[in-house]
Amino acid sequence: MEITQSIRTAIIGAGPRGTSVLERLLARSAARIASGAGQVLLHIDVIDPYPAGPGHVWQPGQSRLFLMNTQSFYPTVIPEDPSLAPPVAGTTFEQWRAGQQKHPSPDLSAEELAELAVLASSDFPSRALYGRYLRSTLEELARNAPGGVTIDFHETSALSVGPSGDGTFDVVLATGATIRTGSVVLALGHIPSRLNPEQRDLQASAEQLGLRYLPPAVPADVDWSLIPAGEPVLVRGMGLNFFDTVGQLTEGRGGKFVSNGAVLQYEPSGQEPHIIAASRRGTPYRAKAALAGYYPASVTLRYFTEAALERFRKAGIRPAFDHDFWPLLHRDALWAYYSTLVRSQPNAVPDPAAFLAALDEALHPHAHSAANWEDSVESVLAVHVGPRHRLDLPGLAAPLAGRSFASRAEHDAAVVEYLLDDARRSALGEDDPVKMAIGALHHGRAVLKTAVADGGITDESWVAGLRGWFESFVEGLASGPPALRSEQLAALARAGVVSFVGPDPKFGVDRRNNVFTAFSPWVDDAPVAARTMVEALAPGNRVSANDSPVLEQLLADGLVRPRLMMSVEGAPVQSTGLDMEPHPYRPVAANGAVTEGLYVLGLQLSSAQWGTAIAAEAVQSGGPNYRSGQRTLRDADEIAGAILVR
C-alpha cells in the first residue's frame, strides 16, 4: 500500500480527552486506508504521569465510595455520530457495563466484579469502575491500531513545549528526554492551581500554629487518615467534593447506614471526626431526581429551543444571556413546574384547563413586551394558584435565604428537613413539580452550551450573567448527587456526626486558642472551632492561576495567553480559559498570532465553551440528544483531522 505521509504527534494528558484524540486519530487513519487514499505512517506519543485511559481523576484503584455524577447510561469516550469515521474499537460505558456483566474480563478485580454484579443502567457507578472502562477502552484501541500507526506511552510529565525552528515542537519530559514532534495536543484536564489569597493565609496560619489545612484537591489524592477521629473538622464547600469528603470520613472509616424500612439511620464506628460543614447557601446541592433517562421525559422545551436560537442568528443578533436567553429558559422552567403541578396534583388548581390556557398565553414570547411578561404571569397565578403552590425559582437554590436561627441546633434541624424534603421530591421523579422545573433548566443547559460557544453571546453577558450568577445557580439545582446521598447526610446529622455552620459563613483563625473558626451571621450561636480545615473544592479551573509546569511555560513564553473579555463597564476581565481560535481549537499567542500545530481540548477551553468538565454523552434512544452532548468528541475529531493533513 502506498505510504502518503509520515506524521508524529504528541498528546499531553492521557485522561478521557486525550484518549478521545487518540481514538479519533486511529479511526481517521483506518478510514483513510479503507477508502484507498493510502496509508499514513503515524507515530503518537501519549504523555501523562498517570496511566493512560483513566488519567489522574479516574484511577481504578481509588475508593469505591467516590461516585460518578452521572448514571451508567450517560458517559462515553467513543463517538456514536454516524458522520464521523467509525471507531476501530471500544463502546460506550453502558455497553461495556452490560458486556462485562455477561462475559467478565478475567483481569477484573473482585471489587470490580462485585460492583458490576449489582450495577444497573440507572445507577451511579464508582469513578474507579469508570476508570476501569477507560483503561479497557485504551487497551482495546491500542490493540486495534491500524497499519502504519505506532504509539508510545510515556508515564511522566511534560515540562515544556517549544518551537524547534523547523515547524516542529520540542517536548521536554521530566525524565530529561526530548520528543520532537510535528504537533502537540494539550488535553491537560484537571491541573493543580495556586491558592487564592485567603487560602494562602489559612495555609500559612496552619503551618505557624500547628493546625491541619487541606487545600482544594482531587478527592482521591487526599490522605484522609490525617484527620483525627473524635475531633471537630471544619469542611468548606457543600458541592460534589463535600459528599466525597463525608463518605471517606464515615463509611470509609467503618460506619454503616441501616434502614428500618422508613428511616435511614447511621451506626458510627467511633472513628469518625465531628464534621462541621459550611457553604455560602448553608445547604448542599439539591439531589438528582429519579428518572429513566438523563432528562425528564415529561419536559419538553417550548421557548428556549434550537428554533429560537436560529431566529437570533437570522436576525443578525448577538444575544445577551440575561436579556435574550434567560427569559426564554425562565419560561420553560415555569411551564414545566405548573404543568407538572396540574398533572400530579390536580386539586391544587380549581380549573386546570383554564389555568394552563391563561399561563400559555402569558408565557408566549411575542404576546407581551419583554418588560412585562413576568407581570402577566403573576396576574394569572394570582387568579388560579394559591401561595402554597407557587414556584419560587430563586428560592430553590437558597432554601434558607432570609431565615434566622436561634442556635446551630435549630439550623441543623432546618437543614435535615430540607434534605429529607429534597430526597422525597427526587423519589417522585417526573411527578414532582420542583424537580421538573429543575429538569427544564437541565434541558436548557444542553441547548445553552451550544448557544454560548465560540462567542455566541456578548462578553459582558458571559462575565456578568452566564458565569456571574447563572452557573452557580443551575449547578446547585441540577448538578447534585444521587438522592441517597441526601438521605445519608440527614442520617449523619441526626446521629450527631455532621452539623452545619449556616449561610454566608465567615472564616478565620483564633491565634490565642490555635483553631480555625467559622460562624454564620444568620445563626445566633458562638463560632465553631476546629484544628483541622478541609477545602471540599476542586482546584480552581483558571489558567492564570495554574500550577502546571508545561502550561506555566507556555504562558511565560507567549505561545498561549488567557482570554480577555470586556465587562459591562468596558474594562477588560481575564477569563478562566485560554484565548482560542476555533475550529479546531488552537491557542492564540501573546502577540495575537495563532500557534499553528498546537491544539487544546478540555477544561482549558472554558473561555470558548461552557460546561467543559462534563463527560461526553452517549446517544440515548428515545430521548433528546443535544449537539453539546458529544461536542468534546467532535472537537477531538477536528483536531485529529487537522493533525493528519499537516
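**Exercise 1.** Compare the span of helix H10 (residues 373–384) with its expected value.

*Solution.* Helices are DSSP runs of H or I with at least four residues, numbered from the N terminus. The expected span is 1.5 Å times one less than the number of residues. For the 12 residues of H10 this gives 16 Å, and the distance from first to last C-alpha is 17 Å, close to that value.

The model is predicted: local features need pLDDT of at least 70, side-chain atom pairs count only at pLDDT 80 or more, and totals for chains, interfaces and linings use all residues. Residues are numbered from 1 along each chain as its sequence is written, and side-chain values use heavy atoms, without hydrogens and water.

**Exercise 2.** Determine how the buried residues of H10 are arranged around the axis.

*Solution.* Step 1: buried means under 20% relative accessible area, exposed over 50%, partly exposed in between (1.4 Å probe, protein chains only). Step 2: Trp-373, Ser-376, Val-377, Val-380, Leu-381 and His-384 are the buried residues. Step 3: their arc, taken from the directions from the helix axis to the C-beta atoms, is only 135 degrees, so they lie on the same side of H10. Step 4: Asp-375, Ala-382 and Val-383 are exposed on the other side. Step 5: the buried residues pack against H8 and helix H9 (352–363), with contact meaning heavy atoms within 4.5 Å.

**Exercise 3.** Find the charged group over the ring of Trp-373.

*Solution.* The criterion is NZ of Lys or CZ of Arg within 6 Å of the ring centre and within 35 degrees of the ring normal. The charged end of Arg-331 sits 4.2 Å from the ring centre of Trp-373.

Technical notes
Helices (H or I, at least four residues) and strands (E, at least two) are DSSP runs, numbered from the N terminus.
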